[in-house]
Amino acid sequence: MDLTERQLNILKAIVKDYVETAEAVGSRTISKKYKLGISAATIRNEMSDLEDLGYLVQPHTSAGRIPTKKGYMLYVDSLMGNRELEEEEKEMLRKCVENNFNRVDDLIEELSKILSSITNYTTVAVYDRNRGLRTIKYIQLVSLSPEKILLILVADNGEIKSREFDTLVELSQAKLNVISTSLSNKLSGKKFSDLDEEMVAYIKYEIGEYSEIVDDLVYLLNADSDYKISMNGATNIFSYPEFSDMVKAKSFLNMLEERDSLAKMIRTKGIQKDNLNIVIGNGDDVSTDLSIITATYNVQDDLQGKISFIGPTRMDYSKVYSILNYMSMLLDGK
């Protein structure tokens with residue numbers, strides 16, 4: 001069911017107010033602050049309908065409403081706009097890019113610090129020389145013995161990567177050729193960085209009982225990567241009332257320390273908006289209450305990286321979106 005323009009305006013106002021205050025939003029608040037030209041009673045009825053449709057929830061009886069994951073997703077996908085940054089924020093970003101552009105390591109480090117400072121969220125910057133810009137040309141599997149296979153990957157720049165691995169299923173060379181052709185057809189022309197969690201799951205499904213080969217392929221793509229992780233603002237989460245519970249806050253910090261879990265969250269596919277990937281509330285643990293906005297960027301010819309913002313689901317999505325758009329404009333202009 002499509003929402004009416006009035007319902008969309010009310011949902012947008014509720015998200016904006018809840019992001020600012022962290023308090024459930026009532027109809028009188030919307031009526032007074034946002035001048036929608038309708039009465040508080042009408043707003044209250046529309047809020048009730050939005051709750052029935054799953055976009056809002058009432059945390060306590062007689063309290064106002066707050067957005068649900070579904071509500072945030074609609075806001076991010078359709079209602080969120082770009083907004084003008086403060087001149088001071090623009091100047092900080094401009095100076096950072098100008099002063100560090102020829103020193104890539106410093107640029108990533110400094111950008112991560114500044115972005116965390118501007119937004120008060122945790123930022124994670126990951127960059128990897130060459131990996132993002134290399135493209136798969138073809139894949140070949142070779143039988144070395146009944147229990148051992150050689151996986152060969154050839155990139156478009158002529159680079160060859162190989163890995164031996166054991167297999168529990170005995171495969172003839174003819175069968176390996178069929179699997180090689182299938183993998184090459186699916187992955188030829190894809191950048192190394194395109195092999196995300198969703199694509200891995202799809203390819204595993206496609207080749208069925210031989211899916212262990214895909215795990216070795218992923219390992220091969222990631223082996224010997226020249227990458228670095230820069231994290232800033234890990235304790236910023238304490239400033240948000242949603243994480244005032246020390247058990248929840250500690251779980252968040254533990255998650256940041258577990259790099260595999262963190263990397264998995266960053267790779268999770270969410271809402272695609274411009275060059276951003278936006279994941280809202282993912283998983284059954286502390287990540288349920290978190291959102292992650294990730295931008296992928298290229299700096300110079302040999303580097304691809306990602307910058308992720310991690311914060312509560314009550315994140316100021318519009319501000320982060322605007323900052324990343326401005327940052328991309330600065331990098332593209334160099």
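A residue is called buried when its relative accessible area is under 20%, exposed when that area is over 50%, and partly exposed in between. This definition will be applied throughout to the structure above, which is a predicted model.

Lys113 offers a starting point. With a relative accessible area of 41%, Lys113 falls between the two cut-offs and is therefore partly exposed. Glu110 has a value of 30%, so this residue is partly exposed as well. The side chains of Lys113 and Glu110 meet in a salt bridge, with a distance of 3.7 Å from N to O. Both belong to helix α6, which spans residues 104-119, and they stand three residues apart, or about one turn of the helix. Elsewhere, Glu84, Glu87 and Lys90 are joined into one network by salt bridges that share partners.

Such pairs follow a general principle: side chains of opposite charge can pair when their charged atoms come close. The model contains 14 salt bridges in total.

Helix α5 supplies another pair, Arg94 and Glu91, which are also three residues apart, about one turn of the helix. Their closest N and O atoms are 2.6 Å apart. Arg94, at 25% relative accessibility, counts as partly exposed. Glu91 is likewise partly exposed, because its relative accessible area of 32% lies between the cut-offs.

A further salt bridge connects Lys319 with Glu89, at 3.1 Å from N to O. Here the partners come from distant parts of the chain: Lys319 lies in helix α12 and Glu89 in helix α5 (residues 87-100), with their positions 230 residues apart in the numbering. Lys319 and Glu89 are both buried.

The discussion now turns from charged to nonpolar side chains. In soluble globular proteins, nonpolar side chains tend to be buried together. In this model, the largest nonpolar core comprises 69 residues, and Leu93 and Tyr317 have the most contacts inside it. Helix α12, formed by residues 317-332, contributes nine residues to this core, the largest share. Apart from this core lies another, of 23 residues, which includes Leu151, Leu171, Leu183 and Phe192.

Which residues does Leu93 contact, once its neighbours within four places in sequence are left aside? The contacts are with Leu85, Leu111, Ile114, Leu115, Ile118, Ile323, Tyr326 and Leu330.

Methods
Residues numbered from 1 in each chain as written. Predicted model: local features only at pLDDT ≥ 70, side-chain atom pairs only at ≥ 80, totals over all residues. Heavy atoms only, no water. Core = buried A, V, L, I, M, F, W, Y, C linked by side-chain atoms within 4.5 Å. Buried < 20%, exposed > 50% of the residue type's maximum accessible area, 1.4 Å probe, protein only. Helix = DSSP H or I, 4+ residues; strand = E, 2+ residues; numbered from the N terminus. Contact = heavy atoms within 4.5 Å. Salt bridge = Lys/Arg side-chain N within 4 Å of Asp/Glu carboxyl O.
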